[in-house]
Amino acid sequence: MKNPVCSVAIVGGGPAGLSAAIRAAETGLSHVLLEAESHLSNTIHRFQKGKYVMSEPVKLPLRSSLAFEAGSRESILDAWTSEAVRLEVNVRRNSPVKSIAGEDTGNFSVELADGTTVSAANVILALGLQGQPNKLGVKGEDLGFVDYHLDDPDDFNNKVVVVIGAGDSAIETALALAEQNRVIIVNRRDGFHRAAAGNRNAMLEAIADDRLECFYNSVPRFIEEQDGRARLVLEASGETSEILCDRIIARLGARHPRAFLESCGITFSGDETTALPMLNSQYQSTVQGLYVIGSLAGYPLIKQALNQGYEVIEQIRGKPVSPVEEELLLDKFTGVPGFATVDEILTKVGGMGPIFGSIDALPLRAILLESRILSPAPGTAIFCHGDYSDSFYSILCGEILIQLRENEPELIVRLNASEFFGDTELISGRRRTLTAIAGENCILIETPRLAIKKLSASNQTVAETLEIAAVERSLRWHLIPGLTENDFKTLEDRVTCHNYETGEILFQEQAYGDSIFFLRSGAVTVTQTMDGREVPYRLVTAGDYVGGWGALAVSVRRATACAQAVTSTVEIPGEDFRWLVQQYPELLRNVHSNILTHHVGKTEAAQQNGEVISFLMEQGLGEATDVLLIDESICIRCDNCEKACANTHSGTSRLNREAGPTFASVHVPTSCRHCVQPHCMNDCPPNAIHRASSGEVFIQDTCIGCGNCVQNCPYGVIHLTSDKDENKPSLWARLLFGFDEAAVGGTGSGCHKKAVKCDMCKDLSGGPACVSACPTGAAFRGNPKDILVELKEEASCTDQY
Amino acid sequence: MYGSILSYGQYRYLKQAAALVLIALLLYLSSSPGEAPNGGTWQGYTLGGISAALILFLLWFGIRKRQYHCTETTLFRWVSAHVYLGISLPVVVTLHCGFQFGWNVHTLAYGLMVFVVLSGFYGLYAYLVYPEALTANRCGISRREMITTIARLDDTCLALAENLGAEAHHKVLREVVETRLGGTLWQQIIMGASLPVLPLFQWKFAGNFVASEQAGLNVKDQSAEYFLRRYLQESQNKVEIQRVVELLKVLNERQFMVSRVQRDIRYHAFMKCWLLLHVPISCALLAAVMVHVISVFFYW
């Protein structure tokens, strides 16, 4: 059956698709909105009941005909549904799209799952990123007892529920249901390796506490009805078992819509999983008449999606409007001569060199929107040696002077227009090791770390450009400042780059190894064997090198180097290194000084110290920049640290003193480690997580409470909560009547929950409140490298006795 | 990493408190030979002023402890000063009063001060001793983990006892049900503890007070372990013996864990209990000092 041709078929009834359909209905454009589910806005529909939906970014104006203000899930859904009814939007529910054929405007055939076809002149794909959930693939997978998502755990009470899957969503579903039901989780594997560490630990704890039952190494065989209940038959560790239950919820992930988009003829920017469909500035894909908007196009926020729906319909109607973001872009370039129009901006920035030159118009616009334009006065320091900034800078015009050594101002490299800097710390995540000073008429584009990381992950040219620059700068700027271009050319083809996962060995003690490893990112522990045990004695971080002794002495390695975080290195062969130390005597002095400083005696104190270091490394200190430790031999368990934290952070403590492991009286409480490459930053839709110039990783008020950072943090130090300052008892009430500050809370219903974590009290001049409020000096915060040095000194003192 | 409360800043506050005591002694010794030192001389008033200032400074600690936004100086430093200046207080006050005591409000203030300082001494002892004892008792696991282990062992015990008949199951169940952890402050302190500090009474506590050795034996008679050992002696069945041995092993493990949790709770209570006297009596001291000062000036 074939329907008459309409102007536009919109696939997906989420914010982007619905906004497009509303605009089409409002302007009388013939349209059809194809929604796979029985209701509109499925993603928001699946939010927890009462969830507060944020309207970030606040500064972005809303252009859509669909009203949107921050509010509860229900109020937003009700408003949107009634608006769709009022404007008589032509919606076809329960209509998943099977394929889209046609390669030019006016000739698209959209085939639906029920076999019917919709013909449309244009197609807007607003599918979102969730895709279609993977099904069980066994008999009975579509029975009424089987669901592939969980709307509200409160819908189930005193039921027997089987959750199938071992990923984050399966774990969250199982844990939420386990509060008032008997829950059995069926796991195909022997563990929960795929899940985030926080979820994995919570699940293992729940299984250990018998709050949940788990079938490991189990595969469902079939499902059938028995006496009004579901009978699940599965093969568990080679034996057939069966479970009689009320509901089966399978959380097996979803098929990413990329394959579907490619089947429609749309090209992606690369092969990486993070690659985006290639679109022009009006969101049109490589197939004319086929548009992609919303999170599928790389715009995860609701307001962006709503605006894009409106703009695409206007484009199709022949009344194109410039995207609302363009006004913000023009604002950024106000006062910069020669950048008066968006086209001028995109053309000139696009012609700047390999980084921006390799990006299409749409992602370029997006990246510029996230960037800042700086016009520093000559002599201004953009960043200084020791600063904790990780922005990436591109020189639009003028000159930048890079001072390679803090104490040698004459050792300078000059960078000109189209060149970039700040990339080293982008990779290493550590403090600046250089100073950048603005020259004459300097205009810079400052791009945030996350934006440039996303770009390099999705654009091969950008990634290669950064990699080539990183190798040269590792050698010429960091390892051997002053290395001549000719000498570098000699080395260029001899050095090799390596990447190591946590726990991988760079080189082994007693093995022959004739090379040094310069660390571009990550951290490495150096261990020696003492009485048959591996004893770590040194932590080497990005910007430093290991293996100098072996390379100089042309002998076997004296120690083992093991990566403690994801680490990337530049390896210089021993022969070349020996040649380098002859050419650059300062390098030789540096190697000698390193050997003398870090030499460690094979003593009992060193062994005990090594055990503590091993324990700390197991707790992830290798990737930390600042960690809170508690000396339990003097901690009086008064929890004043937690109370101080709660009092200085709107009533909610970011630290859990009691939680966390202890070894030899060194306790690692649950508190942020301000990681070198913060996991929490990886997937933050409103880009609300930043690192302050003094190193603190903090969450801004623009957090939308999506919980991604909570999931991504392997140390479980972020939680969602709401402010509760209003109920805080007064000082006298606390003092005289014993009213106390609760530690963690703010869970009242209807509260606007946001992610919170330790910010090291960056706004208090005296430093972290937890440390200064400790009455016995048991709480200590510091850089792991310094802590290790202090431990080593303490061990040396013990040796002297 | 910073050293202890006592050694803060290379014993900075010990030195300052010692200097204060020395000044007080010099003031005391500078009294006129013909006049007995007392609070009414200029030296007495000076020492009284120093004492009052010291008391106010020491009491201010309660406020400072809760000023969490003040991170410029650490609370650790305040505690060190509080300890040493608190120790110097009885010396300065005694010199202020010139060893003159009586049944009046002045001596009441003195008595309260001594009590507060003595309770502070206990607090210092608790803070120096119990954290390490607590850490050693924990062995790197949290109280929650210990309680979870007890719950798991409870299930194992009951499952094993089920195979040994109704009476064995009843005995084990009673032991499980009657196990008490925590409670009032007094219960937290005495639960599961042998109290050598009360040797006259020879009290032992096993969940309830038992006032005599005889009563203690009665409790033992009713204990699951006593019953199982008797069962072991009487039984001839090898399988049963094996089960009983296994159950005894788990019961012992459980008892060990219960004792650890009780010790953990006790140590925490030891570190907290003294504050219940130290703080309110400090407030009473403040009131008594105010009465003392007002009355002195009234009769001046």
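Here is a short conversation about a predicted model, covering the side of chain B that touches chain A and a sheet in chain A.

User: How do you know that chain B touches chain A?
Analyst: The test is whether C-beta atoms, placed from the backbone, lie within 7 Å. By that test, 25 residues of chain B are in contact with 34 residues of chain A.

User: What makes up the side of chain B that touches chain A?
Analyst: Helices α3 (75-97), α4 (105-138) and α10 (238-273) of chain B each supply at least two residues. The largest share, five residues, comes from α4(B). Sorted by class, this side of chain B has 10 nonpolar, 11 polar and four charged residues.

User: And what makes a residue of chain B count as buried?
Analyst: Happy to explain: 20 or more other C-beta atoms must lie within 10 Å of its own. Of the 300 residues of chain B, 28% count as buried.

User: Let's turn to the sheet. How do you know that β22 and β27 of chain A pair?
Analyst: Pairing needs at least two bridges between the strands. Five bridges join β22 (residues 392-397) to β27 (residues 443-447) in chain A, and these strands run antiparallel. So the pair meets the cut-off of at least two. As one example, A:Ile395 has A:Leu444 in β27(A) as its bridge partner.

User: Why are β20 and β25 of chain A said to stand at the edges?
Analyst: The open sheet has four strands in the order β20-β27-β22-β25 (chain A), paired antiparallel. β20 (372-374) and β25 (420-421) of chain A each have a single partner strand, so one side of each is left without a neighbour in the sheet.

Definitions and conventions:
Residues are numbered from 1 along each chain as its sequence is written. Chains are lettered from A and ligands numbered from 1 in the order in which they are written. This is a predicted model: local features need pLDDT of at least 70, side-chain atom pairs count only at pLDDT 80 or more; totals for chains, interfaces and linings use all residues. Two residues are in contact if their C-beta atoms, placed from the backbone, lie within 7 Å. Ala, Val, Leu, Ile, Met, Phe, Trp, Tyr, Cys and Pro count as nonpolar, Asp, Glu, Lys and Arg as charged, and the others, Gly among them, as polar. A residue is buried if 20 or more other C-beta atoms lie within 10 Å of its own, exposed if 12 or fewer, and partly exposed in between; C-beta atoms are placed from the backbone.
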